[in-house]
Amino acid sequence: MGACLALCSLASCASCLCGSAPCLLCGCCPSSNNSTVTRLVFSFFLLLGTMVSVIMILPGMEAKLREIPGFCQGGNTIPGIENQVNCDIIVGYKSVYRMCFAMACFFFLFSAIMIRVRSSKDPRAVIQNGFWFFKFLILVGITVGAFFIPDGTFHTVWFYFGVVGSFIFILIQLILLIDFAHSWNKVWVENAENSDNKCWFAGLLSFTFILYALTITAVVLFFVYYTKPDDCTEHKVFISLNLIFSVIISVVSILPKVQEAQPHSGLLQASLISLYTMYVTWSAMTNNPNRKCNPSLLSLVSSVNTTESIPDTSSEQVQWWDAQGIVGLVIFLFCTLYASIRSSSNTQVNKLMQTEEGGSAGIEVEVGEDGLRRAVDNEEEGVTYSYSFFHFHLCLASLYIMMTLTNWYQPDTTTQAMKSSMPAVWVKMSSSWLGLGLYLWTLIAPLIFPDRDFN
């Protein structure tokens with residue numbers, strides 16, 4: 001009897017895996033929109049790949065694998081069995097590059113397939129919202145194939161793909177943070193005005209103060225630890241410029257003309273953007289190859305020591321895990337989750353992110369036999385987000401994860417090590433300046449073009 005019930009349960013799960021997104025998570029997310037659940041599942045694929053990459057790059061992972069008899073080439077052997085696995089590839093930065101390459105290819109493939117899907121009536125929408133088991137198999141297949149790519153110049157070339165993709169993704173993160181702060185400020189202000197409860201205003205003031213306090217603290221620490229009286233000129237310029245730019249956007253956000261055009265703009269958004277700018281500045285400075293200007297404890301990153309060789313003292317010794325990398329992963333997780341569930345009323349952000357204005361009116365809801373209300377399809381009249389752009393966003397996120405886990409260090413194919421490089425510093429700083437300019441534009445655009453609708 002138990003076996004029959006188990007088979008019935010397995011058959012039910014199999015039908016869900018080959019069916020639609022609401023079926024897949026119906027038990028956990030009652031009344032969820034089809035579009036939201038689909039984005040959550042694709043984001044789960046990305047997070048799963050990220051977890052695998054983190055495990056592969058853990059310190060000492062290769063040493064543990066080599067202890068398995070008959071597994072790694074050059075490791076412990078079993079008489080009569082030849083070790084076949086090249087552990088140089090399946091752990092360390094090489095594995096991260098290949099895993100993220102597979103995820104980027106997977107999401108880019110779907111981005112190309114989903115171009116110009118207008119509604120769920122398009123046959124391609126069925127592929128987007130269902131067949132999860134087969135899509136998972138495709139991802140696994142691409143991943144396996146990626147590990148058979150010859151070394152050669154693959155890592156060097158893919159490094160530059162990662163730099164460009166990460167640059168764009170940092171801007172997307174900034175857009176999402178702007179949208180989050182805008183929605184946060186709007187909801188709390190409306191709650192305060194509707195309920196006459198001043199606690200909402202006190203909360204906004206408290207969070208704004210905390211964010212600015214953290215920003216100022218970061219600036220002070222940067223000058224203390226990342227600059228020298230007779231050196232580190234670039235760091236002094238970076239910190240000073242971003243501090244000045246943060247002051248500018250803060251002042252502009254509360255100008256009477258700006259407040260009149262955008263009543264919900266304010267210091268909360270400016271404080272959050274300022275703090276994020278300081279994080280990007282910190283992240284950039286930790287990639288400076290000049291150790292006098294980079295106080296991080298650096299150590300050998302190459303987790304591949306298959307042959308004994310004379311150490312190259314001229315190469316940079318760097319580490320995988322540091323504080324800025326961990327903070328980067330936390331921000332990435334937040335932005336990925338927010339991009340999956342966001343329902344924004346900000347017209348400018350919606351245009352940039354290729355999404356429609358939030359709202360649940362007109363959603364057709366089905367009541368199941370268990371009495372739970374489940375959204376069947378909220379995209380029959382039109383999609384609520386661009387399928388193609390969402391996958392392109394996840395493709396860029398894969399590249400960003402690759403660069404974050406490897407600390408933006410450049411592969412050195414001659415020494416099988418990683419080297420910190422100034423290009424990574426300039427890419428991060430350029431993205432911070434462009435992001436600040438983008439936020440400033442969202443503030444002054446309604447004043448420059450008063451005839452356009454920016455609400």
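**Exercise 1. An aromatic cluster**

Task: In this predicted model, find which residues make up one aromatic cluster with Trp132.

Solution. Start from Trp132 and collect its cluster partners: Phe42, Phe45, Phe106, Phe107, Phe110 and Phe136. Next, look at the face of tryptophan 132: lysine 135 lies over that face, 3.6 Å from the ring centre.

**Exercise 2. Aromatic pairs**

Task: State how many aromatic pairs the model holds, then classify the one between phenylalanine 101 and tryptophan 158.

Solution. The count is 25 aromatic pairs. For phenylalanine 101 and tryptophan 158, the ring centres lie 4.9 Å apart and the planes make an angle of 80°. Planes over 60 degrees apart count as edge-to-face, and this pair is edge-to-face. Now place the two rings along the chain. Phenylalanine 101 is in helix α6 (residues 93-113), and tryptophan 158 is in helix α9 (residues 154-195). They are 57 residues apart, and the pair links distant parts of the chain.

Task: Is tryptophan 158 buried or exposed?

Solution. Take its relative accessibility, 10%. Buried means under 20%, so tryptophan 158 counts as buried.

Task: Classify the pair of phenylalanine 131 and phenylalanine 134.

Solution. The centres are 6.5 Å apart, with 50° between the planes. That angle falls between the limits of 30 and 60 degrees, so the pair is tilted. Check the exposure of each ring's residue. Phenylalanine 131 has a relative accessible area of 36%. Phenylalanine 134 has 44%. The range for partly exposed lies between 20% and 50%, so phenylalanine 131 is partly exposed, and so is phenylalanine 134.

**Exercise 3. A nonpolar surface patch**

Task: Find which residues form the nonpolar patch on the surface, and which element gives the most to it.

Solution. List the members: Val126, Ile127, Phe131, Phe133, Phe134, Phe136, Leu137, Val140, Val144 and Phe148. Together they have about 890 Å² of accessible area. Then assign elements. Two or more residues come from each of α7 (123-129) and α8 (132-146). The most come from α8, with six residues. Phenylalanine 131 sits in the loop between α7 and α8. Note that Phe136 belongs to this patch and also to the aromatic cluster of Exercise 1.

**Exercise 4. The whole chain**

Task: Describe the protein by its helices and strands, its buried share, its contacts and its surface.

Solution. Begin with the elements: 17 helices and four strands. Of the 455 residues, 46% count as buried. Turn to contacts with a separation of 6 or more: 74% of them join residues 24 or more positions apart. Finish with the accessible surface, about 22,100 Å². Carbon and sulfur atoms account for 67% of that surface.

Terms used: Residues numbered from 1 in each chain as written. Predicted model: local features only at pLDDT ≥ 70, side-chain atom pairs only at ≥ 80, totals over all residues. Heavy atoms only, no water. Patch = residues over 30% accessible without salt bridge, like charges linked within 9 Å, V, L, I, M, F, W, Y side chains within 5 Å. Areas by Shrake-Rupley, 256 points an atom, 1.4 Å probe, with all protein chains shown as cover. Salt bridge = Lys/Arg side-chain N within 4 Å of Asp/Glu carboxyl O. Phe/Tyr/Trp six-rings, centres within 6.5 Å; stacked < 30°, edge-to-face > 60°. Buried < 20%, exposed > 50% of the residue type's maximum accessible area, 1.4 Å probe, protein only. Lys NZ or Arg CZ within 6 Å of the ring centre and 35° of its normal. Contact = heavy atoms within 4.5 Å.
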